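Work through the exercises below with the model open in your viewer. Each task is followed by a solution in steps.

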Amino acid sequence: MISLDKIELPLIAILRGIKPTEVLEHAKALFEVGFRFIEIPTNSPDWDKSVAILQKHFDNTAFIGAGTVITEAHLDTLISLDAKLMVSPNVNLDILAKSVANNMVSCVGALSPTEVIAASQGGATVVKIFPAGTMGINYCKAVMAIAPKNQQYYCVGGINPANLSDYLKLGFHGAGLGGDLYKPNQSVEVTKDKATQFYNAYINYKNENNRN
């Protein structure tokens, strides 16, 4: 299993809807703030071109890849691009096994205890509880109580700077950030401002946690 313990900012930037012509400038802004995980969902325009652009620019300095990876064709494209990040909304053990075999960071979406345990036992680098915000704190608390302990967990879906710490307190190691970080056609300045808000929220939580 790939260790993410040394990642200082365990937040995945989800740039759903971004275009290849604009992706690099937004990614550079995220990188400046401290983000090292950038996900281009496969339902974005020419997503593979965006991944290729970012992979060429950042090389091994960031984890670049795709989200909404639901077919083997999606995964094969990522492998051909030498991408290092595979994010799925569901548990597909065949896709998971192939991503593990290709030494990718696999962030696998799960909701029920059955799915969480299956993803963990299948070798997922990260099990993402999705949609965490829709299900709410109490549901996530119940799932985390029975989840395997030797596993990284990220909360995804409805996470914003105000509630990030509430989920981290449940034992989540990080989070995936969607519409509260990036919406199609927003400016690079807005992306950087929102990224900074998330960065500050995470660092403030870590500082408080270290004091306690």
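The exercises cover the sheet, its crossovers and the cysteines of this predicted model.

**Exercise 1. The sheet**

Task: State how many strands form the barrel, and give their order and pairing.

Solution:
- Step 1. Count the strands: the closed barrel has 8.
- Step 2. Follow the order: β1-β2-β3-β4-β5-β6-β7-β8, with parallel pairing.
- Step 3. Add the angle. On average, neighbouring strands of this sheet are turned by 25 degrees against each other, direction ignored.
- Step 4. Place a helix. Helix α4 (residues 93–101) packs on the sheet and touches β4 (85–88) and β5 (105–110). The direction of α4 makes about 160 degrees with that of β5.

**Exercise 2. Strand β3 and its neighbours**

Task: Describe the burial of β3, then its links to β2 and to β4.

Solution:
- Step 1. Take burial. Strand β3 spans residues 63–67, and 4 of its 5 residues are buried. The strand is thus mostly covered.
- Step 2. Look towards β2 (residues 37–41). This strand runs parallel to β3, and 5 bridges join the two. Glu39 stands opposite Gly65 in β3.
- Step 3. Trace the connection. From β2 the chain passes through helix α2 (residues 47–58) to β3, in a right-handed β-α-β crossover.
- Step 4. Look towards β4. Here 2 bridges join β3 to β4, again in parallel. Gly65 stands opposite Leu85 in β4.
- Step 5. Trace onward. The chain goes from β3 through helix α3 (residues 72–80) to β4, and this β-α-β crossover is right-handed.

**Exercise 3. Strands β7 and β8**

Task: Find how many bridges join β7 to β8, and which residue stands opposite Val156.

Solution:
- Step 1. Locate the strands: β7 covers residues 152–156 and β8 covers residues 174–177.
- Step 2. Count: 3 bridges join these parallel strands.
- Step 3. Read the partner: Val156 faces Gly176 in β8.

**Exercise 4. The cysteines**

Task: Determine how many disulfides the structure holds, and whether Cys107 is buried or exposed.

Solution:
- Step 1. Fix the cut-off: a disulfide needs two cysteine sulfur atoms within 2.5 Å.
- Step 2. Search the whole structure. The result is 0 disulfides.
- Step 3. Check Cys107. The nearest cysteine sulfur is that of Cys155, 10 Å away, and Cys107 is in no disulfide. Cys107 counts as buried because its relative accessibility is 2%.
- Step 4. Check Cys155. The nearest cysteine sulfur belongs to Cys140, 7.2 Å away, and Cys155 is in no disulfide. Cys155 is buried too, at a relative accessible area of 0%.

Terms used:
Residues numbered from 1 in each chain as written. Predicted model: local features only at pLDDT ≥ 70, side-chain atom pairs only at ≥ 80, totals over all residues. Heavy atoms only, no water. Pairing = 2+ DSSP bridges. Helix = DSSP H or I, 4+ residues; strand = E, 2+ residues; numbered from the N terminus. Axes fitted to C-alpha atoms, helices over the stretch in contact; angles between N-to-C directions. Contact = heavy atoms within 4.5 Å. Buried < 20%, exposed > 50% of the residue type's maximum accessible area, 1.4 Å probe, protein only. Right-handed = clockwise from strand over helix to strand, strands pointing away.
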